[in-house]
Amino acid sequence: MKHTKYSAKKAPAQKSDMDLMKLIVKFDTDEKCRIALEKLRWPDGVRCVRCGSEKISRNYKRNQFECTPCGYHFSVTAGTIFHDSHLPLRKWFIAIYLICESKKGISALQLKRVLGVAYKTAWYLCHRIREAVKDADTTLLGLESGFVEADETYIGGKAKNMHKARREALAMKPGTKRGKSAVVGAIERNGKVRLQCLGADHTVTKEALRAFLKAKLADETKVISTDEHTGYVGIDDDNTIHVSVYHRGGEYVRGLAHTNTLENVWSLFKRSIVGSYHQLSMKHLDRYLDEFEFRFNNRQNPFLFRDTLLRLLSSSNLEYKDLTAKT
Ligand SMILES: [Zn+2]
């Protein structure tokens, strides 16, 4: 019999309603982008952003609205992340599409080349979009299938690339993993993922794991599957079973106990760092994780582009000075 390679049957992914060609043709002018944003922001007709009145007149020349009762002038991007940007809206649209639809993300450097903008503009744009998709979904894990995997990993920080002083300072801290940042994650099987950075030079403590699981998992979670990390000991309770595999002993799957779904997420995230973000700054790791989480959780959302626009319309601006502030 001819040998056929086994492949797991997956539910067919719904096709996205947008592709790059469609996007470029559909939104070839800023005017068309503004009309699209207006329909998304005010599906039932324009309302004053200050007093909420529906009595509005349009100033077509200045692309503004004027509120009749309160006299306020505003544009479709007023008070949103798009506001005060010198970047044409059609370039924003392409950037949003590339960031949310490319499986592994896109770096500021790539975006700079694609859009023909300054690196600083591209970098700031990426971060504003990341900030807008942060905490897009805060539903707890464990409510659907009841099976959740939790795991931890370390990102970045090769000792040989590190400044000598930093390397030496780290060596003095017992238990740190060579300047890497600890990241914890939980994923519901066939469901969503939640990721969180525990900070640079941080070892994963029991307290940090507990706090993360408490914040992200529903009480209804039936089974939590982890590795042998001692931080997970005792996370079971009356209605939640804890199962674990012993990675150090070479055990990866035992019945329902495994963390393979989350291992795949780590590997995808790490590949996206290597492929797209050559110089991922640890300071911004949380934002990269947020972006990744959003993309991953929306991997089957055919209206991802539209939904991302909606989020950007409801997010307030992230100031450049806040982003570059030394923390
Ligand atoms: Zn008004």
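Colleague: What spacing do the donors of the zinc ion follow along the chain?

Modeller: The spacing is C-x2-C-x15-C-x2-C. This is a predicted model, in which local features need pLDDT of at least 70, side-chain atom pairs count only at pLDDT 80 or more, and totals for chains, interfaces and linings use all residues. Residues are numbered from 1 along each chain as its sequence is written, and side-chain values use heavy atoms, with hydrogens and water left out.

Colleague: What makes a residue a donor of the zinc ion?

Modeller: Donors are N, O and S atoms within 2.8 Å of the metal (3.2 Å for Na, K and Ca); water is not among the atoms, so sites may look incomplete. The SG atoms of Cys 48, Cys 51, Cys 67 and Cys 70 lie 2.3 Å from the zinc ion, and these are its protein donors.

Colleague: Why is the site of the zinc ion called tetrahedral?

Modeller: Four donors count as tetrahedral if all angles lie between 85 and 135 degrees. Here the angles among the four donor atoms are 103 to 121°, so the site is tetrahedral.

Colleague: Are Cys 67 and Cys 70 buried or partly exposed?

Modeller: Buried means under 20% relative accessible area, exposed over 50%, and partly exposed in between (1.4 Å probe, protein chains only). Cys 67 has 0% relative accessibility and therefore counts as buried. Cys 70 has a relative accessible area of 28%, so this residue is partly exposed.

Colleague: How many disulfides does a search of the whole structure find?

Modeller: The search finds zero. A disulfide is taken to be a pair of cysteine sulfur atoms within 2.5 Å.

Colleague: What makes strand E2 a partner of E3?

Modeller: Two strands pair if DSSP finds at least two bridges between them. Strands (E, at least two residues) and helices (H or I, at least four) are DSSP runs, numbered from the N terminus. Two bridges join E2 (residues 64–67) to E3, and the two run antiparallel. One bridge partner is Phe 74 in E3, facing Phe 65. The open sheet has the order E1-E2-E3, and E1 (56–59) and E3 (73–74) are its edge strands, since each pairs on one side only.

Colleague: How do you know that the buried residues of H7 line one face?

Modeller: The buried residues of H7 (residues 206–216) are Ala 208, Leu 209, Phe 212 and Leu 213. Seen down the axis, they fall within an arc of 125°, so they line one face of the helix. The arc is that of the directions from the helix axis to the C-beta atoms. Glu 207 and Lys 214, on the other side of H7, are exposed.

Key. Tetrahedral: all angles 85-135°; square planar, octahedral: opposite > 155°, others 65-115°.
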